[in-house]
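Biologist: I have not seen this structure before. Please take me through it with a few questions.

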Amino acid sequence: MDRLMKWMTEKFAPRLEAFTKNVWVDSIQEAIMVALPMIFIGSLITLVSILNNYFPGMPDLTPITTFSFGLLGIFIAFLTPYMVMQKKDRHKIKLIAGATGLSLFMMLLKPKISDDGTIQFLLERFGPSGMITALLVGILVAVVMNMFNRFSLFKKDTKLPEFIVDWFDFLVPIGLILMFGWVLIYQLDFDIFELIVNIFKPLNTISQSLIGFVLFNFIGVVLYSFGVSPWVMTPIFYSIWIPAIEENAALAAQGLEPVNINTFETFFSGWVGVGGLGATLPLIIWFLFAKSKKLNSIGKATIVPSLFNINEPVIYGAPIAFNPILMIPMWINGLITPIIVYMVLDSGLVDIPAKVYQLWYTPIGLSTYILSGLNGLILLAVILLIIFVVWFPFFKVYDLQELKKEKEQADLQEG
């Protein structure tokens with residue numbers, strides 16, 4: 001264990017941190033973060049739509065979801081190159097880079113244009129199913145724009161106004177990017193969406209299996225236990241979660257059973273992330289009964305954020321990160337909990353979530369009931385009992401350890 005801790009501390013964690021601080025990776029994360037309110041609004045509509053069960057005369061609010069969450073691909077296609085240019089201090093070109101990303105993405109949607117000028121798009125391609133395409137488009141645009149940053153058709157001592165020079169200099173990278181899209185769609189009749197679906201189909205299939213679901217959670221938990229924020233994994237997580245819940249919602253709308261268990265809703269609104277990734281809420285509750293003043297104070301300070309699935313304060317404050325005594329139970333819960341949840345949902349004992357509900361800060365229990373009803377709450381109670389039991393012996397060891405330190409420090413002060 002000591003060797004593992006040393007390697008993770010000195011080798012793995014610094015390298016991973018350097019990777020995540022890379023401009024390109026950081027820009028993708030930032031683009032998704034900026035688009036989150038558009039995802040959240042779809043979740044709020046899901047929450048409000050529950051009232052339809054009691055007030056049938058309420059208006060249909062689903063178009064709000066369609067034109068927020070349902071346009072996620074468009075937002076990502078604009079925001080990704082915009083964020084890259086912003087982080088590279090290419091401020092003059094960041095807006096046109098975003099607009100170019102949007103333009104190429106719309107072209108790659110492969111719309112049908114009739115002789116009378118009518119244009120038809122497949123609406124589903126604008127949303128989560130187009131997220132990977134949007135990310136690839138955004139990265140491509142950012143790469144080309146970055147390459148041409150120092151390119152100019154004019155000499156430095158030109159007498160032309162700066163904005164005129166910028167206009168013409170922008171024409172070359174924009175022209176190359178849109179020419180690329182034109183060749184793919186209108187000359188080669190290429191459908192990038194079908195290609196991406198075929199490429200990611202094995203990954204999506206694996207992620208929706210028991211092994212994939214468990215590994216998906218466990219890898220995130222292990223990284224978090226070494227201080228690597230789960231937001232680092234956002235591009236990977238969301239590329240699987242969002243299309244999965246979209247498919248579940250579409251199946252439910254057709255009267256069919258949802259099939260995807262590995263969704264955001266299952267993790268943070270259902271059962272796996274009780275108090276945040278790593279299921280730390282029970283540990284914080286144990287802290288409230290700690291004999292150690294330090295742990296008791298941490299429990300009081302972190303209980304409210306944890307109820308809303310915000311657990312960075314306890315991860316870095318207890319700390320759990322790089323603390324073998326608390327890392328081990330976090331890993332155990334990271335394996336046991338998803339296994340139980342997957343088996344129960346797969347057996348049909350509890351409904352697989354089929355509602356878009358990305359409000360991760362909704363208190364656990366309330367969100368679970370909204371998604372899966374009474375059976376979901378029963379499963380949550382079982383999960384909580386198991387997690388409490390797993391955390392307890394490790395909590396006691398850590399509590400005694402911290403209490404001993406406090407007494408030794410008090411004795412030194414008195415001496």
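Biologist: What share of the 415 residues of the protein chain counts as buried?

Modeller: This is a predicted model, in which local features need pLDDT of at least 70, side-chain atom pairs count only at pLDDT 80 or more, and totals for chains, interfaces and linings use all residues. Residues are numbered from 1 along each chain as its sequence is written, and side-chain values use heavy atoms, leaving out hydrogens and water. Buried means under 20% relative accessible area, with a 1.4 Å probe and protein chains only. Of the 415 residues in the protein chain, the buried share is 47%.

Biologist: How many helices and strands does the protein chain have?

Modeller: Both are DSSP runs numbered from the N terminus: helices are H or I with at least four residues, strands E with at least two. The protein chain has two strands, and its helices number 16.

Biologist: How do helix 15 and helix 16 run relative to each other?

Modeller: The axes, lines fitted to C-alpha atoms over the stretch in contact, give angles from 0 to 180 degrees between N-to-C directions. Those of helix 15 (residues 324-347) and helix 16 (residues 366-414) come within 10 Å and cross at roughly 170°. Angles over 145 degrees count as roughly antiparallel. The two helices, helix 15 and helix 16, are therefore roughly antiparallel.

Biologist: What span should helix 5 have, at 1.5 Å a residue?

Modeller: The expected span is 1.5 Å times one less than the number of residues. Helix 5 (residues 94-108) has 15 residues, and its end C-alpha atoms are 21 Å apart, which agrees with the expected 21 Å.

Biologist: Which residue follows helix 5, and with what phi?

Modeller: Among the buried residues of helix 5 are Met-107 and Leu-108. The residue that follows helix 5 has a positive phi, near 55°, and is Lys-110.

How values were computed: Parallel < 35°, antiparallel > 145°, perpendicular 65-115°, else oblique. Buried < 20%, exposed > 50% of the residue type's maximum accessible area, 1.4 Å probe, protein only.
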